[in-house]
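Could you take me through the strands of this structure and how they are paired? I am new to it and would like to ask a few questions.

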Amino acid sequence: MYYCCSDLHGCYDRYRKLLAEIDLRDEDTLFVLGDVVDRGPQTMELLLDMMERINVIPILGNHEYMAIQVLRGLLQEVTEENLPGFGDTVEMLSHWVNDGGRETLTAFQQLDREQQDAVLDYLTEFSLYEEVEAGGRSFVLVHAGLMHFSEGRPLEDYAPHELIFEQADYGRRYFSHRTLVTGHIPTRLIGENPRPDRIYRNLGHIALDCGCVYGGMLGAICLDTGEEFYV
């Protein structure tokens, strides 16, 4: 079975409860559609758990993207050659911390250097998108949306910022024969959504961010059956 969730934001305890709720087996796959890190209290516990599970497949979100840029810059040795670019790292650090990165940075600093390298390597391995066939249907999985979309445009042609920053237009059907699965925007903020903090499905969309870190739910869906799960 194929399952999807998104925007865990350091909510490790709910993530573990979700794994139990869906009864994730070794032969199943869980796609996590980005924003694993930041805002919540247990980002590192969450990342270290996911790193040990070969059937949990992470997709890059905007918060991972920011974390990678900052942490990579902070870990490199400052030399005369890279000193001019260090100011960019400081600027990105300020932006990231103000956007929920403080918790992640604090937890990252408490790891030893070997663990830090392993976590950073793991973050850089997050995929930009996934394509899944399940239950006789085709799905495209990205964190936020498809900026500058056209149906004939190959997914590999999209740059990272086109997939992780700009939310999907939930009033628009993107694909004729595929379903677009996204996170990024809490479903309580989708105006036409009759079920705030629940998974939103309409016009070829499945929106998964049920506002877990904001006091909402952590939701997941089985792509094979359409069954929804909540913690």
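The exchange below takes up the two sheets in turn.

This is a predicted model in which local features need pLDDT of at least 70, side-chain atom pairs count only at pLDDT 80 or more, and totals for chains, interfaces and linings use all residues. Residues are numbered from 1 along each chain as its sequence is written, and side-chain values use heavy atoms, with hydrogens and water left out.

Reader: In the open sheet S3-S2-S1-S9-S10, which strands stand at the edges?

Author: The pairing in this sheet of five strands is mixed, where strands are DSSP runs (E, at least two residues), numbered from the N terminus, and two of them pair if DSSP finds at least two bridges between them. Two strands have a single partner each, so one side of each lacks a neighbour in the sheet, and these are S3 (56-58) and S10 (228-230).

Reader: What is the bridge partner of cysteine 4 in S2?

Author: Strand S1 (residues 2-5) runs parallel to strand S2 (residues 29-32), and four bridges join them. Within S2, the partner of cysteine 4 is phenylalanine 31.

Reader: Which strands stand at the edges of the open sheet S4-S5-S6-S8-S7?

Author: Five strands form this sheet too, with mixed pairing. A single partner strand is found for each of two strands, so one side of each is left without a neighbour in the sheet: these are S4 (130-134) and S7 (200-202).

Reader: Which residue in S8 does threonine 182 stand opposite?

Author: Strand S6 (residues 179-182) pairs with strand S8 (residues 205-207) in the parallel sense, over three bridges. Opposite threonine 182, in S8, stands alanine 207.
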